[in-house]
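Student: I am new to this model and would like a close look at one part of it. Please start there and then connect it to the rest.

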Amino acid sequence: MDLYEHQARELFEEHGIAVPRAEVTDSPAKAREIARRLGGKTVVKAQVKVGGRGKAGGVRIAADPAAAYLTASQILGMDIKGHPVDTVMLAEPVDIESEFYVSYVLDRASGTFLAIASAEGGIDIEEAAATRPETVARVPVDPAEGVTPAKAAEIAEAAALPPETVDVLVRLWQVLVREDALLVEVNPLVRTRQGRVLALDGKVTLDDNARFRQTRWDDADAERADPLEARAAAKGLTYVKLDGEVGVIGNGAGLVMATLDVVACCGARPANFLDLGGGASAQVMADGLAVILSDPDVRSVLVNVFGGITACDKVADGIVRALDTVRLTKPLVVRLDGNNAERGRAVLADHAHPLVQQATTMDGAARRAARLATNA
Ligand code: GDP
Ligand code: MN
């Protein structure tokens, strides 16, 4: 899960990284009050989980509390790259001397953590890395050793950052480790004319696999962008909403990904990714079907299961029992293959639900589901 800037800012502060004073609100009147508290002049910043807010007009300076009211009322309700703005953060303005970029990220390609840093901050780091790679330092970090002051000095030197940033680099690594993050990014990290080093913007991506021990974010799930995703998460399903019309259920992330591709090949678009995982019990199948059927965009559903450890007859039992609790309102195409496939198909054939049809191959099943979705 990605955090909002103000949440990242809070974590930075807790770990001893200096940040500007700031408060969040959803109302222009409160924005005016906050501006008064912060001393008059403020930076008003849209709180959306997407980068490039500055360029999109979502980061503006307000000269006084009256301007804060006006600016907040303009930014609230804006749409930044498809993200509606319902909260703004007002921050005390900072007298910037120079801007830097620093981040730690789990780099799956190299199988380790990377420190990425640049003395040219406030920039689009992907673009800088592509067009001027010499300005962006990439230093591998051994997770067992972490970022010691010596390691931090090595990173700072590689990126030509001033020595005052070393302490922040050490603390930022502690944020990553203690908060179970996969990414912590500060862009820009600034040095002020008074010589202070401050994190002016923050992005933190938490590792969802560690959420069980990071309970402070439990409520944040309730405000997930997509209500269906929130519902699926509450049921413990791995579900991602997509923008097509064929609902997809499968077992195993790889098979589900392949199924999405095959649906696309058949001229339709998948409405979601849903991995039942191992087991595929009746309850999990019922929960998955319930989520997918309540998506108004879905016009047909494709269940693609390859029985390995999970036997297909157990999956078929699961589907049949799920159909007792969930009212099927859209055509369901089922492809069962692998362990006990024949018995599984027989179970579904015996049940003879009018909206359920079977296919023996993945391609055949996807073709049928695609046709049902596009002609329906
Ligand atoms: P982003 O566009 O979403 O990355 O939003 P940022 O918070 O990084 O802000 C974009 C840019 O606005 C920064 O790179 C700074 O140059 C500028 N900025 C943000 N806060 C302040 C501030 O307090 N004072 C000044 N002078 N500039 C700021
Ligand atoms: Mn930024």
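Student: Which residue just after α7 takes a positive phi, and of about what value?

Tutor: The residue is G236, and its phi is about 75°. The model is a predicted one, which should be kept in mind throughout. Helix α7 itself covers residues 227–234.

Begin with the side of α7 that is hidden. L228, E229 and A232 are the buried residues of this helix. Looking along the axis of α7, these buried residues fall within an arc of 100°, so they line one face of the helix. The other side of α7 has the exposed residues P227 and A234. The cover over the buried residues includes the strand β13, at 238–241, and the helix α9, at 282–293.

One of the buried residues, L228, also leads out of the helix. L228 belongs to a nonpolar core of 33 residues, which also has L274, L293 and L336 among its members. That core lies apart from the largest one, which has 40 residues. In the largest core, the residues that touch the most other members are F12, Y104 and V204. Helix α6, residues 166–178, gives this core its largest share, namely eight residues. As a general point, nonpolar side chains in soluble globular proteins tend to be buried together.

Helix α11 can be described in the same terms as α7. It runs over residues 341–351, and its buried residues are A341, G344, R345 and L348. Why do these residues count as being on the same side of α11? They cover an arc of only 95° around the axis, and this places them on the same side of the helix. E342, R343 and D350 are exposed, and they sit on the face of α11 turned away from the buried side. Among the elements covering the buried residues are α10 (312–325), β17 (332–338) and β18 (356–359). A352 follows α11 and has a positive phi, near 45°.

V204, named above for the largest core, also leads to the start of the chain. D2, in the segment before α1 (5–14), touches V204 as well as K49, K203 and T205, leaving out residues up to four places away in sequence. With T205 there is a polar contact between the two side chains, at 2.9 Å. D2 and L183 are 181 residues apart along the chain, yet their C-alpha atoms are separated by 9.1 Å. Is D2 buried, partly exposed or exposed? Its relative accessible area is 29%, and because buried means under 20% and exposed over 50%, D2 counts as partly exposed.

Next come the ligands. Ligand 2 is a manganese ion, and its protein donors are N187, through O, and D201, through OD, at 2.2 Å from it. These two residues come from distant parts of the chain: N187 is in strand β10 (residues 181–192), while D201 is in the loop between β11 (197–199) and β12 (202–206), 14 residues apart. N187 is buried, with a relative accessible area of 13%, whereas D201 is partly exposed at 22%.

D201 also appears beside ligand 1. Of the 16 residues that surround ligand 1, the closest are K45, R53, G54, E99 and D201. A polar backbone atom of G54 is 2.7 Å from an oxygen atom of ligand 1. For V94, a polar backbone atom lies 3.1 Å from an oxygen atom of the ligand. E99 takes part through its side chain, with a polar atom 2.9 Å from an oxygen atom of ligand 1.

A further spot is T135, in the loop between α4 (125–131) and β9 (136–141). T135 is buried, at 16% relative accessibility. A polar atom of the T135 side chain lies 2.7 Å from the backbone oxygen of R132. Beyond its neighbours within four places in sequence, T135 is in contact with A117, S118, A119, E120 and A128.

Finally, the whole chain. The protein has 12 helices and 18 strands. Its C-alpha trace spans about 80 × 50 × 40 Å along the principal axes. Of its 376 residues, 52% are buried. Among contacts with a separation of 6 or more, 67% join residues 24 or more positions apart.

Notes. Residues are numbered from 1 along each chain as its sequence is written. Chains are lettered from A and ligands numbered from 1 in the order in which they are written. This is a predicted model: local features need pLDDT of at least 70, side-chain atom pairs count only at pLDDT 80 or more; totals for chains, interfaces and linings use all residues. Side-chain values use heavy atoms; hydrogens and water are left out. Donors are N, O and S atoms within 2.8 Å of the metal (3.2 Å for Na, K and Ca); water is not among the atoms, so sites may look incomplete. Helices (H or I, at least four residues) and strands (E, at least two) are DSSP runs, numbered from the N terminus. Buried means under 20% relative accessible area, exposed over 50%, partly exposed in between (1.4 Å probe, protein chains only). A polar contact is a pair of N or O atoms within 3.5 Å; within protein, one must be able to donate a hydrogen and the other to accept it, and residues adjacent in sequence count only if both atoms are side-chain atoms. Contact means heavy atoms within 4.5 Å. The arc is that of the directions from the helix axis to the C-beta atoms. A nonpolar core is a set of buried Ala, Val, Leu, Ile, Met, Phe, Trp, Tyr and Cys residues joined through side-chain atoms within 4.5 Å. A residue is near a molecule or strand if one of its heavy atoms lies within 4 Å of it.
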